[in-house]
Amino acid sequence: MRRPHARNRVDSNTNDQQKMDPAIKFHTRTISTRSTKSKHTKSKLAIVITLIGLLSCYYLLKSKTKPFSKKYGIIIDGGSTGTRIHVFGYRIESGGKVVFDFEEGVMKVNPGLSAYAEDPEGAGGSVEELVEFGKRRVPRELWGETEVWLMATAGMRLLDSEVQDRILDACRRVLRKSGFKFQDSWASVITGSDEGLYAWVIANYALGALGGDPLETTGIIELGGASAQVTFVSTEPVPPEFSRTIKFGNFTYNIYSHSFLHFGQNAAFEALRESLVSGNHHSAAESLEKGIVMDPCTPKGYSHDVESWKLSPGSLTEKNRFASTLHSRGNFSECRSAALTLLHKGKERCSYQDCHIGSTFIPKLQGKFLATENFFHTSKFFGLGQRAFLSNLIVAGEQFCGEDWSRLKKKHQSFKDEDLVHYCFSSAYIVALLHDSLGIALDDQR
């Protein structure tokens, strides 16, 4: 039997960097960035959109230093579903231009740091495995000057501060003796606003927009496991709690940035399950068959293992009562409606003119946008082309949700059941988030 915290490795090098999470437009287009050899030569660089932005910002601010040979930096991204190390190189050329090489390697271990709430030392063990990977990518003589940063995100933000500290302390002990340059303050749980801001900085740096007209920058919408981030330049007045300002070159960027905790894809899926077992979800099908609870977000024929669900204490008492009456009947439209209900939960407490997600202020979206992380993974699963739009995702989601589970398993034999079953919900949730909540057109060409 598999241990609860057994670690899965995803190891890549410069030849398979394409497996990293590239950013996509609403019509799913992989970003290409300028090559370091020629501004006209494009390379398919997968943007490390999560947290490499912090060190990128750090070195960009050091652009007045003298030119030097290639050096290295390491970011350990403590995500909600896994922990990933990014090793990258950089050098400063004449004139203070910083050139990054993001193709030194990446490796991911599962589960995420937050899964070690009751076993902090296990978190240290997962980080130690990543450190060994980093040592194989950075020349030994440069270890002592190679900075390593660990930044944990939404999964850790969900934990109590005492639990966060125990996990981080275990990780710090490993990083102190790693041989790399490290300070205790470099391992932290970052705010959701910072997470979105770092993603915005590195994306616009890679696109060549940083240092230019603010209205020509690209906004970021991230869909992680535990949270979603929305970050973009806004010309509207923004309440101070959502406003961030960045000065770069001769330009000042007034940015809206917010992280929606509990609205990540996995957290929303768990919230749907809570609503099902508590009897708060009422589908059209349920009204036709009294006493039977229909799950519109799993394909028909799928057997629920309610005993394995992670439920809140309040829902546990209802679990046995609903387990025998819960039936799968995949229906994209009903699933989309259920997803929208989750996204609008708490909207009655909105104290602003507009609250598109929960009770949180979001100004009207402006300019171009990139949708990253689970937006990309879902689009990739459905085989959507480079010019795919949200309307294409609706068609794919409708087909998947309406298919029989046995046929889906035969078609996608390489997928685990617990992963495959999510794609009906993920397709519906993305449409409910981007179109029904944020107002992005189904054929948006931004």
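I looked up how H11 and H14 lie: they are roughly antiparallel to each other (an angle over 145 degrees), since helix H11 (residues 390–402) and H14 pack at an angle of about 150 degrees, with axes 9 Å apart. Axes are lines fitted to C-alpha atoms over the stretch in contact, and angles run from 0 to 180 degrees between N-to-C directions. Helices are DSSP runs (H or I, at least four residues), numbered from the N terminus.

The model is predicted, and local features need pLDDT of at least 70, side-chain atom pairs 80 or more, while totals for chains, interfaces and linings use all residues. Residues are numbered from 1 along each chain, and side-chain values use heavy atoms, without hydrogens and water.

I then listed the H11 side of the contact (heavy atoms within 4.5 Å), which includes Leu 390, Leu 393 and Phe 400. On H14, Tyr 423, Ile 430 and Leu 434 are among the residues met. This contact has 10 nonpolar, three polar and no charged residues; Ala, Val, Leu, Ile, Met, Phe, Trp, Tyr, Cys and Pro count as nonpolar, Asp, Glu, Lys and Arg as charged, and the others, Gly among them, as polar.

Next I checked helix H9 (residues 332–343), which packs against H14 (residues 422–437) at about 60 degrees, with axes 8 Å apart.

Last, I looked at the largest nonpolar core (buried Ala, Val, Leu, Ile, Met, Phe, Trp, Tyr and Cys residues joined through side-chain atoms within 4.5 Å); buried means under 20% relative accessible area (1.4 Å probe, protein chains only). Of its 56 residues, Ile 221, Phe 425, Leu 434 and Leu 438 touch the most other members. H14 gives the most to this core, with 10 residues.

How values were computed
Helix = DSSP H or I, 4+ residues; strand = E, 2+ residues; numbered from the N terminus. Buried < 20%, exposed > 50% of the residue type's maximum accessible area, 1.4 Å probe, protein only. Parallel < 35°, antiparallel > 145°, perpendicular 65-115°, else oblique.
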